[in-house]
Amino acid sequence: MLLSGGLAIGGLDNRTEWPMTTRRDIKPEQGTAVLLSRRGALALAGAGAAVGLARPAIAQTTIEWKMATVWPKDLPGPGQSAQRICDAIEVMSGGRMRVRLFSAGELAPPAGVFDAVSGGTAQMGHAASAFWQERMPAAVFFSAVPFGLLPQEQMTWIELGGGQGLWERLYAPYGVQPFMAGNSGGQMGGWFTRPVERLEDLNGLKVRMPGLGGEVLRRLGATPVSLPAEELIPALRSGLLDAAEFLGPASDQAMGFQSVSKLYYAPGFQEPNGTYEALVNAVAFNGLPDDLREIVRAACRVETSRALSESNWLNAEALRQLTETDGVEVRHYPEDVLLALRSTSADVVSGLAATSDLAREIYNSYAEAQAHLGPWSAVTEGLMLRARAL
């Protein structure tokens, strides 16, 4: 099993277990949930989805939606995934439905994308569930947790292991319907300006690693530092940081990390999977005709597979260039460091289960999926990779 121990992380209350509703007795402080009139619901769904219109009128009307994202415009990887979803919906619907993309800050700031979708400012959003960890600690299970599910395992849990239903229950109080909508694959462990050769080398290490991974390192003596992406390379160069984790080789190479460090550590224990999510306003989604609802689902599902394939291809090429051209050395964490990281990660992740009853259900489901899928992954991918390396 994955996980044991406990970390008290800001708790959820019983709001996360309400059924989806349009009740008018919900107080404003009870989440940004769906207190919408019938007129508002029809507006969210789009002009063509209005209940009561004759069928010929529906067929002739273009439904216009907005998608708010947490990503900069045209950001390789997730930004491109968001645009491809918008494009696919228009093409598959024969132009009956169009989704206009708004990048970070255009319609809502990154931290406000969830609320923008919940409140109806946008009918769709594109993000990663870890963005909402402060509000819903268990949300991180639907993107990645340290030493957790690999990308294909994550997809299997969501699609077949009960993950999708739990995800929907978590977001239901806010009137948001989630879907997988892309995947960056696994990540690297980060760039280091000095080697990690034993566990003691983590003491005092100034490292940029957000989320649960940063908490794991903090417990092992490191000093997590929060900095935006554009400040990472200057911080490594000046000594403000000793190490920084960003994404994978393709994104890291584009950022220029190889100009300030030649030590690139693996594995990316902190994020072995990188699921993106589509957020859809539940009232707008349910107001669509059946075929358009399925088109939205299909566009997200196709992009999940496409983005993972693209990430694998680009990361493989970037890693080759980094090692063969830029003199980067890929190093593995020593065994004692990995063992300590794994043990501490188990404590950190299991602590999420204490934040609510629903969080415990999600944690248990995730851990059961890892226990179920892990042996199969080990005898297929694990042993085959070892055999290919002989």
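**Helix α13, its neighbours, and the sheets**

Colleague: In which helix of this predicted model is Ser-365 found?
Modeller: The model is predicted. Ser-365 is in contact with Trp-157, Gly-161 and Leu-166, leaving aside neighbours within four places in sequence. The helix in which Ser-365 is found is α13.

Colleague: Is Ser-365 buried or exposed?
Modeller: A residue is called buried when its relative accessible area is under 20%. Ser-365 has a relative accessibility of 12%, so Ser-365 counts as buried.

Colleague: Which side chain is joined to that of Ser-365 by a polar contact?
Modeller: The residues that Ser-365 touches, beyond four places in sequence, include Gly-161 and Leu-166. The polar contact of the Ser-365 side chain has a length of 2.9 Å. Its partner is the side chain of Trp-157.

Colleague: What span should the 33 residues of α13 have, and how far apart are its end C-alpha atoms?
Modeller: Helix α13 covers residues 357-389. The expected span is 1.5 Å times one less than the number of residues, which for α13 means 48 Å. This agrees with the distance between the end C-alpha atoms, which is 44 Å.

Colleague: Where does α13 bend?
Modeller: The axis of α13 turns by about 40° at one residue. That residue is also listed among the buried ones of the helix, which include Leu-373 and Ala-369. The bend is at Ser-377.

Colleague: Which helices do the buried residues of α13 pack against?
Modeller: The buried residues of α13 include Leu-358, Ala-359, Ile-362, Tyr-363, Tyr-366 and Gln-370. Residues three or four places apart in an α-helix point the same way, because there are 3.6 residues a turn. The packing partners are α5 (151-160), α6 (163-171) and α12 (335-351).

Colleague: Which residue has a side-chain oxygen that reaches the backbone nitrogen of Leu-358 at the start of α13?
Modeller: Leu-358 is one of the buried residues of α13. A side-chain oxygen comes to within 3.4 Å of the backbone nitrogen of Leu-358, and this oxygen belongs to Ser-356.

Colleague: What covers the buried residues of α12?
Modeller: Helix α12 has 17 residues and reaches 25 Å from its first C-alpha to its last, close to the expected 24 Å. Its buried residues include Val-337, Leu-341, Val-348 and Gly-351. The cover includes α7 (211-219) and α13.

Colleague: Which strands stand at the edges of the open sheet of 6 strands?
Modeller: The sheet has mixed pairing and the order β7-β6-β8-β5-β9-β11. Each edge strand has a single partner, so one side of it is left without a neighbour in the sheet. The edge strands are β7 (223-224) and β11 (329-332).

Colleague: Which residue of β9 stands opposite Trp-191?
Modeller: Strands of a sheet pair through backbone hydrogen bonds, either parallel or antiparallel. Strands β5 (residues 190-192) and β9 (residues 263-266) pair in the antiparallel sense over 3 bridges. Opposite Trp-191 stands Tyr-264.

Colleague: Which peptide bond is cis, with omega near 0°?
Modeller: Most peptide bonds are trans. The proline of this cis bond, Pro-267, has its place in the loop between β9 and β10 (275-281). The bond runs from Ala-266 to Pro-267.

Colleague: What is the phi of Phe-147?
Modeller: Most residues other than glycine have a negative phi. Phe-147 has its place in the loop between β3 (124-127) and α5, and counts as partly exposed at 22% relative accessibility. Its phi is positive, near 55°.

Colleague: How far apart in space are the C-alpha atoms of Trp-65 and Val-99?
Modeller: Trp-65 has its place in strand β1 and is buried, with a relative accessible area of 2%. Trp-65 and Val-99 are 34 residues apart in sequence. In space their C-alpha atoms are apart by 4.6 Å.

Colleague: Is Lys-66 buried, partly exposed or exposed?
Modeller: Lys-66 lies in strand β1 (residues 63-69). Beyond four places in sequence, Lys-66 touches residues including Val-99, Phe-102, Leu-107 and Met-124. With a relative accessible area of 37%, Lys-66 is partly exposed.

Colleague: What share of the 390 residues in the protein is buried?
Modeller: The protein has 13 helices and 11 strands. Among contacts with a separation of 6 or more, 77% join residues 24 or more positions apart. Buried residues make up 51%.

Definitions and conventions: Residues numbered from 1 in each chain as written. Predicted model: local features only at pLDDT ≥ 70, side-chain atom pairs only at ≥ 80, totals over all residues. Heavy atoms only, no water. Helix = DSSP H or I, 4+ residues; strand = E, 2+ residues; numbered from the N terminus. Buried < 20%, exposed > 50% of the residue type's maximum accessible area, 1.4 Å probe, protein only. Contact = heavy atoms within 4.5 Å. Bend = angle between axes of the 7 residues up to and from the residue. Polar contact = N/O pair within 3.5 Å; in protein donor to acceptor, adjacent residues only side chain to side chain. Pairing = 2+ DSSP bridges.
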